[in-house]
Amino acid sequence: MPEADKEGKNYHLDTPVKSEGFFLKGSNSLDWGMKNRLSHIFNPKTGRTVMLAIDHGYFQGPTTGLERIDVTILPLMSYADTLMLTRGILRTTIPPTYSGGIVIRASGGPSVLKDLSNEQIAVDIEDALRLHVAAMAVQIFIGGAFETQSVHNMTRLVDMGTRYGMPVLAVTAVGKDMARDARYFRLACRISAELGAQYVKTYYIEEGFETVAASCPVPLVMAGGRKIPELDALKMSYNAIQEGAAGVDMGRNIFQSAAPVAMIKAVRGVVHDNLNPKEAYEMFLEIKNREEKNLTKKGAAKKK
Ligand code: R5P
């Protein structure tokens, strides 16, 4: 039995107990565990996140740049606040010493050969907890053939997540023939938040993105989309952040870049340090050139 200690005397009576709000939009009433998990995704200092999305294989197999995640993605991991991936890649390829947040892909089913909106829940909450993840991501297909089913997947995950303190990220997917405009994204993002998602991922649009962010009562992260030139991807990220996004969830524009490490560092500059696109692009070029010089030096040394 431990020795009894004396009762404390210093109650700091002249220091009021702090009662601070949580740093993320719309998240103040969440439970402690959920807030703690969200703090593994969003940096509490900036309120923003750089999520590296590498989950593309769950519906389209070995995507360009993700053929060997052990070779191409592990060197990028430490620059991301969060990885978004499937449990298969997490268990097989990501070292358990990784200390950033993990957002697990929790819906799936159809491949690129079928109607992608026909998804179901693809991860049990118990497994997500066992994997110690920070959030579960589920795709919703507003206007898609399986709209209700996909929204139901989300609400079921939100119910399970609420029970265990696990946030849900709603990913707004747009059908091939559907208009990608502010009206559509206001609808999809608002439905996600109204039905309980703790944060939402959506695409950037040139006109009206700020109204999408303003009308969504929880944090929004911008999806990267198909590969575009680095400067354009940095401009898009900058605009999204300045117009209300709380970060990016970017895949191909990072891992398909000519210099992925340089690109993720430049994206971090935009997200966390408010670099403008010109400054971020200069940073990208500088790191890329340095990497190339080092490679040339190494090549020359090997030949000797
Ligand atoms: C798509 O459904 C996947 O969830 C990706 O995570 C998402 O599209 C983001 O990756 P990218 O920036 O390559 O579009």
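**Ligand shell, barrel and helix packing**

Colleague: How do the residues of the shell around the ligand divide by class?

Modeller: Into five nonpolar, five polar and three charged. Nonpolar covers Ala, Val, Leu, Ile, Met, Phe, Trp, Tyr, Cys and Pro, charged covers Asp, Glu, Lys and Arg, and the others, Gly among them, are polar. The model is predicted, with local features needing pLDDT of at least 70 and side-chain atom pairs pLDDT 80 or more, while totals for chains, interfaces and linings use all residues. Residues are numbered from 1 along each chain as its sequence is written.

Colleague: What makes a residue near the ligand, and which come nearest?

Modeller: Its C-beta atom, placed from the backbone, must lie within 6 Å of the molecule. There are 13 residues around the ligand, and Ala53, Gly224, Met250, Gly251 and Arg252 come nearest. Strand 10 (247-250) and helix 10 (252-255) are the elements giving two or more residues to this shell. Elements are DSSP runs numbered from the N terminus: helices are H or I of at least four residues, strands E of at least two.

Colleague: How do you know that strand 2 pairs with strand 3?

Modeller: Pairing requires at least two DSSP bridges. Four bridges join strand 2 (residues 82-85) to strand 3 (residues 101-105), and the two run parallel; the pair therefore meets the criterion. Met84 stands opposite Val103 in strand 3.

Colleague: In what order do the strands of the closed barrel run?

Modeller: The eight strands run 1-2-3-6-7-8-9-10, with parallel pairing. Neighbouring strands are turned by 25° against each other on average, direction ignored.

Colleague: Why is helix 9 called oblique to helix 12?

Modeller: The axes of helix 9 (residues 230-242) and helix 12 (residues 277-303) cross at roughly 140° and come within 9 Å. Under 35 degrees counts as roughly parallel, over 145 as roughly antiparallel, 65 to 115 as roughly perpendicular and the rest as oblique. Helix 9 is therefore oblique to helix 12. Angles run from 0 to 180 degrees between N-to-C directions, with axes fitted to C-alpha atoms over the stretch in contact.

Colleague: What is the relation of helix 9 to helix 11?

Modeller: Helix 9 and helix 11 (residues 260-273) pack at about 25°, axes 9 Å apart, and are therefore roughly parallel.

Colleague: Which residues of helix 9 meet helix 11?

Modeller: Glu230, Leu234, Ser237, Tyr238 and Ile241 meet Met263, Ala266, Val267, Val270 and Val271 of helix 11. Contact means C-beta atoms, placed from the backbone, within 7 Å. This contact has eight nonpolar, one polar and one charged residues.

Key: Two residues are in contact if their C-beta atoms, placed from the backbone, lie within 7 Å.
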